[in-house]
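Let's take a friendly tour of one strand and its neighbours, and then look at a second sheet. Keep the viewer open as you read.

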Amino acid sequence: MNVNPELIDNISIRPLKAEDYPALLKLQHTCFKDMEPTTKAQFDSQLFQFQEGQIGVFVNDELVGASSALVLDLDEYSINHTWNEIADDGYIRNHDDEGDTLYGIEVMVGPEYRGMKIGRRLYEARKLLCRKLNLKRILVGGRLPNYHKFENDLKVSEYVNAVMDKKLEDPVLTFQLKNGFTVKRIIKNYLPDDDESCHYATLMEWVNLEYQHTAPKLKVSSSPARICCVQYKMRKINSFDEFAQQIEYFVDVASEYKADFVLFPELLTTQLLSFVGEKRPGAAARELSKFTDQYIEFFNEMAIRYNVNIIGGSHFTLESDRVYNVSYLFHRDGKIDSQYKIHVTPSERQWWGVQPGSEPKVFDTDRGRVAINICYDVEFPELARYAVDHGAQILFVPYCTDERHGFTRVRITAQARAIENQIYVAIAGTVGNIPSVPNMDIQYAQSAIFTPSDFPFSRDGIVAISEENTEMVVIADVDLEVLRRTRYNGTVTPLKDRRKDLYTLKFNHISNDKVILQMKEKDLTEPEEMD
């Protein structure tokens, strides 16, 4: 039953917003009962990558039609591409501002509003966007929802020709032909869930006659980011100024080599305990938190003065009478972000009384999207996968391990994260010793920058690696554009090839103050392994 036009007060069309998701989900359930709906993570990614291409039609402020699209260069994709390949499984992280084609990946109109030219409004909005962006064309992979009725009598090519000759009618193909699209070819296995179309689709094209070919678009061949990992030596100091002097030396080195990021190790500021004098670990952690404001002010000044993004290791921070292990990201434009350590080791709980954070984050920087796994966190693959699903290209791992077993756990899992997620991973650890600080008396580290394991990257997936247990830096360039291409055209493509029909990754949203690890009041006399 269609809506009475006399009851319509207004019709509007605009880009979708985050708050439109519940309405979009409801519309998808109505239009495509047997197909998997767009997840919240996919929708958020679409808005982040290309909000202009996510369009909604609203009748009396109710979402009644929607379309999704991205810009790409079709030459980078196979002739018989699938919807998952083009749409990046619905995340459209392959959206390319330098592409020449607007590719539509979804259109839907509520059944009660069909016949009111809602679909035409969506297609006209796409054409307007194509002209505005000066793109050559619009492509869509068109479903053939009536083909299953004729599958036993007609080949798919015969069915398409019959629709084109107006001998048969298909709700999608007929509509696209009426809107000025032409059939380029038939694609097999385009949509795995589309049983009505028998998994076929037509590649349809609309040519932008207003396209101005004034100059070829410059294709991005390289997008480098330079990383400096500091393998920092723990030693006794006498003041915060002495600590600051040592840190500034390494920031200056990173800046001199024009690094975009400099990574310091976990628990960097425990060096300050060498002059604080508190021997009880739990009390020492709280004493250390008194330096938080001074620490943040200093590192923020360093990032701005030396024009480099700094991952300031990690620092014990006191909030609501709870101690957290927090890594701060100091942007060179003055912005400050933070990542709380999510998995706390038994040693941290027993020695320092550290409580876990509960929110994995991804940060936008001037050299791509990055995430931070603090030491032990990298041993849990869910966190890195979450970061990559939210656009991370570089994972920073500040760590502090006391001997080779702990270091090996961090090193091997960090490299595993690089391979399975097709992401760059940088790790930096502490060396040296501070005999006067309990649980920080010995250190073991070998800092490195890892890549995926494939032909475009360094041999063995290691772009740079330090000597063991020696204070030094490692500096290397990573290429974000090479990473992007390899995720779609690599020898193997683990991100694309995940069996999402078989397993999913789900995170619960809980606040830090809802998680409390119970501590036992006792004095430990022997240190335990740290991660």
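How many bridges join strand β10 to β12, and in which sense do the two run? Two bridges link them, and β10 (residues 309-311) and β12 run antiparallel. One point of contact to find in the viewer is I311, whose bridge partner in β12 is L329. Bear in mind throughout that this is a predicted model.

**Strand β12 and its partners**

β12 covers residues 322-330, and nine of its nine residues are buried. The side chains alternate: R322, Y324, V326, Y328 and F330 point one way, while V323, N325, S327 and L329 point the other way. Both groups are buried, with under 20% relative accessible area. For a computational chemist, it may help to colour the two groups separately.

The pairings of β12 are collected here.

| Partner strand | Residues | Sense | Bridges to β12 |
|---|---|---|---|
| β10 | 309-311 | antiparallel | two |
| β11 | 315-319 | antiparallel | five |
| β13 | 336-340 | antiparallel | five |
| β14 | 354-355 | parallel | two |

Some individual residue pairs make these rows easier to locate. H315 has V326 as its bridge partner in β12. F330 has I336 as its bridge partner in β13. On the parallel pairing, V323 stands opposite V354 in β14.

**Two hairpins**

β12 takes part in a hairpin with β11, with two residues between the strands. In that turn, S320 has a positive phi of about 50°. β12 also forms a hairpin with β13, and here five residues lie between the strands. The turn includes G334, with a positive phi of about 100°. If you plot backbone torsions, S320 and G334 are worth picking out.

**A six-stranded sheet**

Further along the chain, which strands form an open sheet, and in what order? Six strands do so, in the order β15-β16-β17-β18-β20-β21, and their pairing is mixed. β15 (363-365) and β21 (462-465) stand at the edges; each has a single partner strand, so one side of each is left without a neighbour in the sheet. On average, neighbouring strands of this sheet are turned by 20° against each other, direction ignored.

Within this sheet's order, β17 is followed by β18. β17 (residues 394-398) and β18 (residues 424-428) run parallel and are joined by five bridges. One pair to look for there is F396 with its bridge partner A426 in β18.

Terms used: Residues numbered from 1 in each chain as written. Predicted model: local features only at pLDDT ≥ 70, side-chain atom pairs only at ≥ 80, totals over all residues. Heavy atoms only, no water. Buried < 20%, exposed > 50% of the residue type's maximum accessible area, 1.4 Å probe, protein only. Helix = DSSP H or I, 4+ residues; strand = E, 2+ residues; numbered from the N terminus. Pairing = 2+ DSSP bridges. Axes fitted to C-alpha atoms, helices over the stretch in contact; angles between N-to-C directions.
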